[in-house]
Amino acid sequence: MNLRNCLLALVLALILPTLTACTEAPITGRSQFIMVSDASMLSASQESYAEFLETNELSDNTEQTAVVKRIGKDIQNAVETWAQDTGQTDLLENYEWEFNLVQSDQVNAWCMPGGKIVVYTGMFPVAETEAGLATIMGHEVAHAIARHGAEQVTSNMVVGAGGALLAAAFNDDEPGDPNSTDGGYSDEQIAMISYGILTQVGLLLPHSRTQEREADHLGLIYMAMAGYNPEKAPELWQRMADRGKSSSGLLKSFETILSTHPTNEERIINLRDLAPDAMRYYRNAPTRHEDKKLPLTPEQTAETEPADAQTPEPQT
Ligand SMILES: [Zn+2]
(Lines give C-alpha, C1' and ligand atoms only; values in the text may rest on other atoms or scores of the structure.)
Protein backbone atom coordinates (compact mmCIF):
# COMPACT_ATOMS: atom_id res chain seq x y z
CA MET A 1 0.00 0.00 0.00
CA ASN A 2 1.09 3.56 -0.57
CA LEU A 3 0.19 5.45 2.58
CA ARG A 4 1.52 8.73 1.20
CA ASN A 5 -0.86 8.67 -1.77
CA CYS A 6 -3.81 7.81 0.38
CA LEU A 7 -3.07 10.59 2.85
CA LEU A 8 -2.59 13.01 -0.04
CA ALA A 9 -6.00 12.07 -1.47
CA LEU A 10 -7.63 12.57 1.91
CA VAL A 11 -6.00 15.92 2.53
CA LEU A 12 -6.90 17.12 -0.98
CA ALA A 13 -10.52 16.13 -0.56
CA LEU A 14 -10.76 17.91 2.77
CA ILE A 15 -9.03 21.18 1.90
CA LEU A 16 -9.85 21.63 -1.78
CA PRO A 17 -13.15 23.49 -1.21
CA THR A 18 -11.54 26.09 1.04
CA LEU A 19 -8.66 26.68 -1.41
CA THR A 20 -10.67 27.08 -4.58
CA ALA A 21 -13.78 28.93 -3.44
CA CYS A 22 -14.93 30.93 -6.43
CA THR A 23 -18.38 32.41 -5.77
CA GLU A 24 -20.09 34.14 -2.89
CA ALA A 25 -23.39 33.36 -1.21
CA PRO A 26 -25.87 36.26 -1.36
CA ILE A 27 -26.10 38.63 1.66
CA THR A 28 -23.81 36.55 3.92
CA GLY A 29 -20.92 36.82 1.41
CA ARG A 30 -19.64 33.34 2.35
CA SER A 31 -17.16 31.90 -0.19
CA GLN A 32 -18.51 28.94 -2.11
CA PHE A 33 -16.90 26.34 -4.34
CA ILE A 34 -19.32 25.22 -7.05
CA MET A 35 -18.32 23.05 -10.02
CA VAL A 36 -21.84 22.33 -11.32
CA SER A 37 -23.64 24.59 -13.79
CA ASP A 38 -27.00 26.15 -12.92
CA ALA A 39 -28.44 24.75 -16.15
CA SER A 40 -27.69 21.15 -15.18
CA MET A 41 -28.98 21.65 -11.62
CA LEU A 42 -32.19 23.27 -12.85
CA SER A 43 -33.05 20.65 -15.44
CA ALA A 44 -32.32 17.80 -12.99
CA SER A 45 -34.49 19.46 -10.36
CA GLN A 46 -37.37 20.11 -12.77
CA GLU A 47 -37.43 16.44 -13.66
CA SER A 48 -37.24 15.20 -10.06
CA TYR A 49 -39.90 17.67 -8.92
CA ALA A 50 -42.35 16.56 -11.62
CA GLU A 51 -41.65 12.93 -10.74
CA PHE A 52 -42.17 13.62 -7.02
CA LEU A 53 -45.53 15.28 -7.66
CA GLU A 54 -46.65 12.36 -9.83
CA THR A 55 -45.84 9.79 -7.17
CA ASN A 56 -47.07 11.76 -4.12
CA GLU A 57 -50.52 12.96 -3.21
CA LEU A 58 -51.23 16.70 -3.18
CA SER A 59 -53.33 17.88 -0.23
CA ASP A 60 -57.04 18.26 -1.01
CA ASN A 61 -57.34 20.90 1.73
CA THR A 62 -57.93 23.98 -0.43
CA GLU A 63 -57.64 26.43 2.46
CA GLN A 64 -54.21 25.15 3.57
CA THR A 65 -52.97 24.84 -0.02
CA ALA A 66 -53.98 28.47 -0.65
CA VAL A 67 -51.98 29.65 2.40
CA VAL A 68 -48.84 27.80 1.21
CA LYS A 69 -49.17 29.30 -2.28
CA ARG A 70 -49.88 32.82 -0.96
CA ILE A 71 -46.93 32.90 1.48
CA GLY A 72 -44.70 31.32 -1.19
CA LYS A 73 -45.74 33.98 -3.71
CA ASP A 74 -45.12 36.76 -1.14
CA ILE A 75 -41.58 35.47 -0.54
CA GLN A 76 -40.98 35.01 -4.28
CA ASN A 77 -42.09 38.62 -4.98
CA ALA A 78 -39.92 39.91 -2.14
CA VAL A 79 -36.74 38.16 -3.33
CA GLU A 80 -37.39 39.17 -6.94
CA THR A 81 -37.74 42.81 -5.89
CA TRP A 82 -34.59 42.53 -3.76
CA ALA A 83 -32.66 40.95 -6.68
CA GLN A 84 -33.80 43.77 -8.96
CA ASP A 85 -32.97 46.53 -6.45
CA THR A 86 -29.49 45.11 -5.82
CA GLY A 87 -28.70 44.37 -9.49
CA GLN A 88 -28.59 40.59 -8.94
CA THR A 89 -31.37 39.41 -11.25
CA ASP A 90 -28.95 36.82 -12.69
CA LEU A 91 -29.24 34.99 -9.34
CA LEU A 92 -32.85 34.12 -10.11
CA GLU A 93 -32.46 33.59 -13.84
CA ASN A 94 -34.44 30.57 -15.13
CA TYR A 95 -36.20 30.11 -11.78
CA GLU A 96 -39.68 28.66 -12.18
CA TRP A 97 -41.29 28.99 -8.79
CA GLU A 98 -43.80 26.41 -7.63
CA PHE A 99 -45.31 25.94 -4.19
CA ASN A 100 -47.20 22.75 -3.37
CA LEU A 101 -48.73 21.24 -0.25
CA VAL A 102 -48.33 17.45 -0.13
CA GLN A 103 -50.42 15.11 2.01
CA SER A 104 -48.03 13.53 4.55
CA ASP A 105 -47.71 13.47 8.34
CA GLN A 106 -43.97 14.15 8.08
CA VAL A 107 -42.90 17.42 9.70
CA ASN A 108 -40.97 18.44 6.62
CA ALA A 109 -40.55 20.92 3.78
CA TRP A 110 -37.95 21.33 1.06
CA CYS A 111 -36.95 23.37 -1.95
CA MET A 112 -35.19 22.07 -5.03
CA PRO A 113 -32.86 24.29 -7.10
CA GLY A 114 -34.86 26.69 -9.24
CA GLY A 115 -37.61 27.42 -6.71
CA LYS A 116 -39.51 24.11 -6.57
CA ILE A 117 -40.97 23.99 -3.08
CA VAL A 118 -42.94 21.33 -1.20
CA VAL A 119 -44.50 21.69 2.24
CA TYR A 120 -45.92 18.56 3.93
CA THR A 121 -49.29 18.82 5.72
CA GLY A 122 -47.51 17.48 8.85
CA MET A 123 -45.76 20.85 9.08
CA PHE A 124 -49.00 22.76 9.78
CA PRO A 125 -49.50 21.91 13.49
CA VAL A 126 -45.87 22.89 14.22
CA ALA A 127 -45.89 26.01 12.05
CA GLU A 128 -49.10 27.08 13.84
CA THR A 129 -49.15 30.63 12.41
CA GLU A 130 -48.48 32.32 9.07
CA ALA A 131 -45.17 33.69 10.38
CA GLY A 132 -44.23 30.13 11.45
CA LEU A 133 -44.92 28.85 7.94
CA ALA A 134 -43.08 31.84 6.43
CA THR A 135 -40.05 30.95 8.62
CA ILE A 136 -39.97 27.48 7.10
CA MET A 137 -40.61 28.59 3.54
CA GLY A 138 -38.11 31.47 3.78
CA HIS A 139 -35.51 28.94 4.96
CA GLU A 140 -36.26 26.63 2.00
CA VAL A 141 -36.15 29.48 -0.53
CA ALA A 142 -32.80 30.52 0.97
CA HIS A 143 -31.34 27.04 0.28
CA ALA A 144 -32.31 27.44 -3.38
CA ILE A 145 -31.08 31.01 -3.84
CA ALA A 146 -27.76 30.33 -2.07
CA ARG A 147 -27.14 27.38 -4.45
CA HIS A 148 -26.74 24.90 -1.59
CA GLY A 149 -27.74 21.98 -3.83
CA ALA A 150 -24.96 22.67 -6.35
CA GLU A 151 -22.50 23.16 -3.49
CA GLN A 152 -23.43 19.77 -2.03
CA VAL A 153 -23.11 18.03 -5.40
CA THR A 154 -19.64 19.60 -5.70
CA SER A 155 -18.64 18.33 -2.23
CA ASN A 156 -19.82 14.84 -3.15
CA MET A 157 -17.77 15.00 -6.36
CA VAL A 158 -14.65 16.01 -4.40
CA VAL A 159 -15.21 13.25 -1.85
CA GLY A 160 -15.87 10.78 -4.66
CA ALA A 161 -12.63 11.77 -6.39
CA GLY A 162 -10.73 11.36 -3.11
CA GLY A 163 -12.25 7.90 -2.65
CA ALA A 164 -11.29 6.89 -6.20
CA LEU A 165 -7.70 8.02 -5.62
CA LEU A 166 -7.63 6.07 -2.39
CA ALA A 167 -8.96 2.92 -4.08
CA ALA A 168 -6.32 3.29 -6.83
CA ALA A 169 -3.57 3.64 -4.22
CA PHE A 170 -4.64 0.30 -2.70
CA ASN A 171 -5.16 -1.43 -6.00
CA ASP A 172 -2.37 -4.00 -5.59
CA ASP A 173 -3.36 -4.80 -2.03
CA GLU A 174 -3.62 -8.41 -0.84
CA PRO A 175 -7.08 -9.51 0.30
CA GLY A 176 -7.49 -9.61 4.09
CA ASP A 177 -7.03 -12.73 6.18
CA PRO A 178 -10.49 -13.93 7.28
CA ASN A 179 -8.98 -15.32 10.52
CA SER A 180 -7.41 -12.03 11.56
CA THR A 181 -8.77 -9.83 14.36
CA ASP A 182 -9.91 -7.12 11.94
CA GLY A 183 -12.76 -9.35 10.76
CA GLY A 184 -11.17 -10.18 7.42
CA TYR A 185 -11.35 -6.68 5.97
CA SER A 186 -8.55 -5.84 3.57
CA ASP A 187 -6.42 -2.74 4.17
CA GLU A 188 -8.29 -1.15 1.29
CA GLN A 189 -11.68 -1.78 2.87
CA ILE A 190 -10.53 -0.44 6.22
CA ALA A 191 -9.03 2.66 4.57
CA MET A 192 -12.24 3.26 2.61
CA ILE A 193 -14.38 2.95 5.74
CA SER A 194 -12.12 5.40 7.62
CA TYR A 195 -12.20 7.72 4.65
CA GLY A 196 -16.00 7.57 4.60
CA ILE A 197 -16.25 8.44 8.29
CA LEU A 198 -13.63 11.19 8.09
CA THR A 199 -15.13 12.91 5.07
CA GLN A 200 -18.62 12.62 6.54
CA VAL A 201 -17.59 14.26 9.82
CA GLY A 202 -14.83 16.48 8.43
CA LEU A 203 -16.30 17.86 5.24
CA LEU A 204 -19.89 17.03 4.36
CA LEU A 205 -21.50 17.51 7.77
CA PRO A 206 -19.91 20.86 8.70
CA HIS A 207 -20.71 21.98 5.19
CA SER A 208 -24.38 21.22 5.51
CA ARG A 209 -24.44 22.66 9.03
CA THR A 210 -22.99 25.88 7.62
CA GLN A 211 -25.64 25.78 4.91
CA GLU A 212 -28.39 25.28 7.49
CA ARG A 213 -27.21 28.28 9.49
CA GLU A 214 -26.98 30.33 6.31
CA ALA A 215 -30.50 29.27 5.24
CA ASP A 216 -31.77 30.33 8.69
CA HIS A 217 -30.05 33.71 8.31
CA LEU A 218 -31.17 34.40 4.73
CA GLY A 219 -34.60 32.89 5.34
CA LEU A 220 -35.15 35.30 8.22
CA ILE A 221 -34.36 38.23 5.93
CA TYR A 222 -36.53 36.88 3.10
CA MET A 223 -39.56 36.38 5.38
CA ALA A 224 -39.03 39.90 6.75
CA MET A 225 -38.84 41.38 3.21
CA ALA A 226 -42.11 39.57 2.46
CA GLY A 227 -43.75 41.24 5.47
CA TYR A 228 -43.75 38.36 7.99
CA ASN A 229 -42.44 39.24 11.45
CA PRO A 230 -38.91 37.74 11.85
CA GLU A 231 -39.18 37.98 15.64
CA LYS A 232 -41.63 35.07 15.42
CA ALA A 233 -39.01 32.73 13.88
CA PRO A 234 -37.41 31.59 17.19
CA GLU A 235 -40.89 30.57 18.41
CA LEU A 236 -41.22 28.18 15.46
CA TRP A 237 -37.90 26.51 16.30
CA GLN A 238 -38.91 26.39 19.96
CA ARG A 239 -42.00 24.38 18.95
CA MET A 240 -39.72 22.10 16.88
CA ALA A 241 -37.44 21.67 19.93
CA ASP A 242 -40.42 20.83 22.16
CA ARG A 243 -41.42 18.12 19.68
CA GLY A 244 -37.93 16.60 19.70
CA LYS A 245 -37.77 16.39 23.51
CA SER A 246 -39.09 12.84 23.52
CA SER A 247 -35.80 11.34 22.28
CA SER A 248 -33.45 10.04 24.98
CA GLY A 249 -30.39 12.03 26.16
CA LEU A 250 -27.85 9.70 24.58
CA LEU A 251 -29.62 9.57 21.23
CA LYS A 252 -29.92 13.33 21.26
CA SER A 253 -26.23 14.00 21.89
CA PHE A 254 -25.27 11.55 19.15
CA GLU A 255 -27.71 13.23 16.77
CA THR A 256 -26.19 16.60 17.63
CA ILE A 257 -22.68 15.43 16.75
CA LEU A 258 -23.57 13.66 13.53
CA SER A 259 -26.63 15.57 12.46
CA THR A 260 -26.49 17.70 9.33
CA HIS A 261 -28.63 20.26 11.17
CA PRO A 262 -27.63 22.53 14.04
CA THR A 263 -29.59 21.78 17.22
CA ASN A 264 -32.85 23.64 17.63
CA GLU A 265 -31.40 25.38 20.70
CA GLU A 266 -28.45 26.63 18.60
CA ARG A 267 -30.84 27.86 15.93
CA ILE A 268 -33.00 29.73 18.42
CA ILE A 269 -29.97 31.58 19.84
CA ASN A 270 -28.69 32.44 16.32
CA LEU A 271 -32.10 33.63 15.16
CA ARG A 272 -32.58 35.83 18.23
CA ASP A 273 -29.19 37.43 17.49
CA LEU A 274 -30.12 38.01 13.84
CA ALA A 275 -33.68 39.26 14.43
CA PRO A 276 -32.81 42.96 15.02
CA ASP A 277 -31.06 43.14 11.62
CA ALA A 278 -33.96 41.33 9.89
CA MET A 279 -36.41 43.80 11.51
CA ARG A 280 -34.97 46.55 9.29
CA TYR A 281 -36.23 44.65 6.25
CA TYR A 282 -39.57 43.99 7.95
CA ARG A 283 -40.09 47.68 8.69
CA ASN A 284 -39.39 48.49 5.02
CA ALA A 285 -41.68 45.75 3.64
CA PRO A 286 -44.48 47.09 1.39
CA THR A 287 -47.06 45.12 3.43
CA ARG A 288 -46.68 43.84 6.98
CA HIS A 289 -48.91 40.85 7.62
CA GLU A 290 -50.79 40.26 10.82
CA ASP A 291 -49.62 36.91 12.27
CA LYS A 292 -52.80 34.87 11.72
CA LYS A 293 -53.28 31.33 13.04
CA LEU A 294 -53.05 28.71 10.28
CA PRO A 295 -56.24 26.82 9.39
CA LEU A 296 -55.88 23.35 11.03
CA THR A 297 -57.89 20.15 10.65
CA PRO A 298 -59.38 18.72 13.90
CA GLU A 299 -56.61 16.05 13.95
CA GLN A 300 -53.93 18.73 13.55
CA THR A 301 -55.51 20.84 16.31
CA ALA A 302 -55.38 17.81 18.64
CA GLU A 303 -51.65 17.52 17.86
CA THR A 304 -50.97 21.06 19.08
CA GLU A 305 -52.38 20.26 22.52
CA PRO A 306 -49.81 19.40 25.23
CA ALA A 307 -48.82 15.71 25.24
CA ASP A 308 -50.03 15.14 28.83
CA ALA A 309 -53.50 16.37 27.86
CA GLN A 310 -53.68 13.68 25.15
CA THR A 311 -52.30 10.74 27.17
CA PRO A 312 -53.08 11.12 30.86
CA GLU A 313 -50.52 9.62 33.28
CA PRO A 314 -51.73 6.31 34.76
CA GLN A 315 -52.88 6.81 38.37
CA THR A 316 -50.87 4.76 40.83
ZN1 LIG B 1 -32.50 23.50 5.76
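The following exchange examines helix packing and the largest nonpolar core in a predicted model.

Trainee: How are α8 and α10 oriented relative to each other?

Mentor: Helix α8 spans residues 233–244 and helix α10 spans residues 264–284, with their axes 9 Å apart. The packing angle is about 170 degrees, and angles over 145 degrees count as roughly antiparallel. The two helices are therefore roughly antiparallel.

Trainee: How many nonpolar residues does the contact of α8 with α10 have?

Mentor: On the α8 side the contact is made by A233, P234, W237, Q238, M240, A241 and G244. Helix α10 supplies N264, E265, R267, I268, L271 and R272. By class, three of the contact residues are charged, three are polar and seven are nonpolar.

Trainee: Which helix gives the most to the largest nonpolar core?

Mentor: This core has 51 residues, of which I75, A134, M137, V141 and Y222 touch the most other members. Leaving aside neighbours within four places in sequence, I75 is in contact with A134, M137, G138, V141, Y222, M223 and A226. With nine residues, the greatest contribution to the core comes from the helix of residues 130–145, α5.

Trainee: What is the orientation of α3 to α5?

Mentor: The axes of α3, residues 62–85, and α5 come within 10 Å and cross at roughly 50 degrees. That angle lies outside the ranges for roughly parallel, perpendicular and antiparallel. Helix α3 is therefore oblique to α5.

Trainee: Is the crossing of α3 and α5 left-handed or right-handed?

Mentor: In this pair, V67, I71, G72, I75 and V79 of α3 meet α5 residues including A134, M137 and V141. The handedness of the α3 and α5 crossing is right-handed.

Definitions and conventions: Residues numbered from 1 in each chain as written. Predicted model: local features only at pLDDT ≥ 70, side-chain atom pairs only at ≥ 80, totals over all residues. Axes fitted to C-alpha atoms, helices over the stretch in contact; angles between N-to-C directions. Helix = DSSP H or I, 4+ residues; strand = E, 2+ residues; numbered from the N terminus. Parallel < 35°, antiparallel > 145°, perpendicular 65-115°, else oblique. Contact = placed C-beta atoms within 7 Å. Nonpolar A, V, L, I, M, F, W, Y, C, P; charged D, E, K, R; others polar. Core = buried A, V, L, I, M, F, W, Y, C linked by C-beta atoms within 7 Å. Buried ≥ 20, exposed ≤ 12 C-beta atoms within 10 Å, placed from the backbone. Left-handed = near helix turned anticlockwise from the far one by under 90°.
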